[in-house]
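Good morning, colleagues. Please take a moment with the sequence and the structure before I begin.

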Amino acid sequence: MNNHYIHDNFLLNSTLAQHLYHNYAAPMPIIDYHNHLEAQDILDNTPIHNLAQAWLHSDHYVWRAMRSNGVDEQFITGAASDAEKFAKWCESVPYLLGNPLYQWSHLELKRFFECDLLINPDNEQAIWQHCQQQLATQPLTTREVLTSLKVKTLCTTDSPLSDLSAHAALKQSDFSVQVLPTFRADELLAFDTPAALQTVTGKLAALTGNPIEHWEDYLAAIDARIETFHALGCRLSDLGLTQVAFTPCTPEEAKAAFSTLLSGQALSESEQVALRTRLFIELGQRYHHYGWSMQLHIGVLVNVNQRRKQALGGGTGFSVINDLSIAQPLAQLLSALDDSAELPNTVLYNLNPNHNAVLSCMAGAFQDSDRAAGKIQFGAAWWFNDHKDGMVAQLTTLKNLGALGRFVGMLTDSRNVLSFSRHEYFRRVLCDLLAKWVSEGELPYDESLLKTTIENICYYNAERYFGFSTTQLETSS
């Protein structure tokens, strides 16, 4: 196993880039403030049984890539064995040359299994056997991966309807990594149909022990859930805005619309937008009160292939980039909270790369000194932008239109614990880009400035911005 595609200076194309990465970026611990790991898996210290489990069981990036290579669905999400699925993945990987999946997979193979073989059909059996032998003699578990990569804090993504029992147990455990929940509020804005709302209110009522018969009851139940999340260390919320829209809605109008929906009558589209607008403001005010940060994920057109959604369900690899206009309604949403000085720290992520400059400019319009430097963040390259070119584009836009030195850095946004190696990938891209700018005369060669910038982006900015230190959490809980 002596192929060296992944080597010490992978993606580092100059002596300066290598110096910056190895001396300043690589030693920094990791804060992963947005991922989709399950707290229960961390609590149970779930072992990795094989590469198919790690890579193929829940990653819709991989599923899309395999479909692009003509792989039958039985070998993707179907009933084929793990070994058979892995074989089909190995057949697909050579055709993904240059795709981040190609780079990530080889990086993970090297970091966690010390395997330098290229992933292809010829090497499939050797890779599988090598990794299986290693897992048999040196089991690789969720906690082991996290501690080996020097993860200090990670934030899972949790429904307000979750009982958070795994998080409560983790808080009492001796696990050295700080594992915190994130309040993913999407379900709370389920105003499309009476049935959708009734499902949410029923679960909220069961969790809080109080019936929900009016708008005020709904807000009180949300308050109770926020308090529970906060007590377990939650310091972030998240919301996926599939449509960025704004319609003014008074509390009185919200009460009436909510009562209409709860009675079993559907709302018009404009009434739904108004009610969502009101709840967005109510949630933002609460996040500000608790000192939370608000993440907004913008620009997804979900489940566009209706036939495949019917067969496989949502979130299985059939969502795409949306091209709807977002600037005006997003500005209105943020301004509605800013009007009362209740706009929380906010991280803006876009799926459409054409919106890079829009979001970076938008962040600049709502900066304030009441919470944190860089209060409004143009977030990391996300989903279809989560590759070298996308990272470079995001960092370049931020350099040109914002404050790069205040950036809170990378995240995995993944269900695969091996994906935490993507922090290394990002840090290599960052150091290579900074070195390139120095060589081109855009930045000075100032060792102290470069060191501080890299260490802040890799770790310290996120620690300060989100308030993850143990002391802060204990004091405010």
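I shall go through the core, the central strands, one helix, the salt bridges and the cysteines.

Please keep in mind that this is a predicted model.

I begin with the interior. The largest nonpolar core comprises 161 residues, and those with the most contacts inside it are Y33, W89, F183, L188 and Y218. Helix α18, spanning residues 422-439, is the greatest contributor to this core, giving 10 residues. As background, nonpolar side chains in soluble globular proteins tend to be buried together.

Let us take L188 as an example. What is L188 in contact with, once its neighbours within four places in sequence are left aside? The list is P160, F183, V200, L204, Y218, I222, L279 and L283. Two names there, F183 and Y218, are also among the residues with the most contacts inside the core.

I turn now to the strands. Strand β6 covers residues 293-298, and six of its six residues are buried. S293, Q295 and H297 point one way from this strand, while M294, L296 and I298 point the other way. Both sets are buried.

Which strands pair with β6? Strand β5, residues 236-241, pairs with β6 in the parallel sense over six bridges. Strand β9, residues 345-350, also pairs with β6 in the parallel sense, again over six bridges. To give one bridge from each pairing, G240 has H297 of β6 as its partner, and L296 has L348 of β9 as its partner.

Strand β9 also holds N350. Is N350 buried or exposed? With a relative accessible area of 4%, N350 is buried, because the cut-off for that class is under 20%. The N350 side chain makes a polar contact of 3.0 Å with the side chain of N356. Apart from neighbours within four places in sequence, the residues in contact with N350 are I298, H355, N356, L359, F378, W382 and N385. One of these, I298, belongs to the residues of β6 that I have just described.

Next, helix α5, residues 82-92. Its buried residues are K85, F86, A87, W89, C90 and S92. What covers them includes α3 (51-56), α4 (60-68), α6 (100-113) and α7 (124-137). W89 also appears among the residues with the most contacts inside the largest nonpolar core.

This helix brings me to the charged pairs. Side chains of opposite charge can pair when their charged atoms come close. How many salt bridges does a search of the whole structure find? The search finds 18. I shall discuss several of them.

The first on my list is within α5, where the side chains of K88 and E91 meet in a salt bridge at 3.8 Å, N to O. The two residues are three places apart, about one turn of the helix. An α-helix has 3.6 residues a turn, so residues three or four places apart point the same way. K88 is partly exposed at 24% relative accessible area, and E91 is partly exposed at 37%.

The next pair is E424 with R111, where the closest N and O atoms are 2.8 Å apart. Because E424 lies in helix α18 and R111 in helix α6, this pair ties together parts that are 313 residues apart in sequence. E424 counts as buried at 14% relative accessibility, whereas R111 is partly exposed at 30%.

A further salt bridge joins the side chains of K399 and E442, at 2.6 Å, N to O. This pair links distant parts of the chain, with K399 in helix α17 (residues 388-401) and E442 in the loop between α18 and α19 (447-466), 43 residues apart. K399 is partly exposed, with a relative accessible area of 22%, and E442 is partly exposed at 45%. In addition, D223, R278, E282 and R286 are linked in a network of salt bridges.

I conclude with the cysteines. How many disulfides does the structure hold? The structure holds zero. Why does C458 have no bond to C431? C431 carries the cysteine sulfur closest to that of C458, yet the separation is 6.1 Å, which is too far for a bond because a disulfide requires sulfur atoms within 2.5 Å. C458 is buried, at 9% relative accessibility, whereas C361 is partly exposed, at 45%.

Conventions. Residues are numbered from 1 along each chain as its sequence is written. This is a predicted model: local features need pLDDT of at least 70, side-chain atom pairs count only at pLDDT 80 or more; totals for chains, interfaces and linings use all residues. Side-chain values use heavy atoms; hydrogens and water are left out. Buried means under 20% relative accessible area, exposed over 50%, partly exposed in between (1.4 Å probe, protein chains only). A nonpolar core is a set of buried Ala, Val, Leu, Ile, Met, Phe, Trp, Tyr and Cys residues joined through side-chain atoms within 4.5 Å. Helices (H or I, at least four residues) and strands (E, at least two) are DSSP runs, numbered from the N terminus. Contact means heavy atoms within 4.5 Å. Two strands pair if DSSP finds at least two bridges between them. A polar contact is a pair of N or O atoms within 3.5 Å; within protein, one must be able to donate a hydrogen and the other to accept it, and residues adjacent in sequence count only if both atoms are side-chain atoms. A salt bridge is a side-chain nitrogen of Lys or Arg within 4 Å of a carboxyl oxygen of Asp or Glu.
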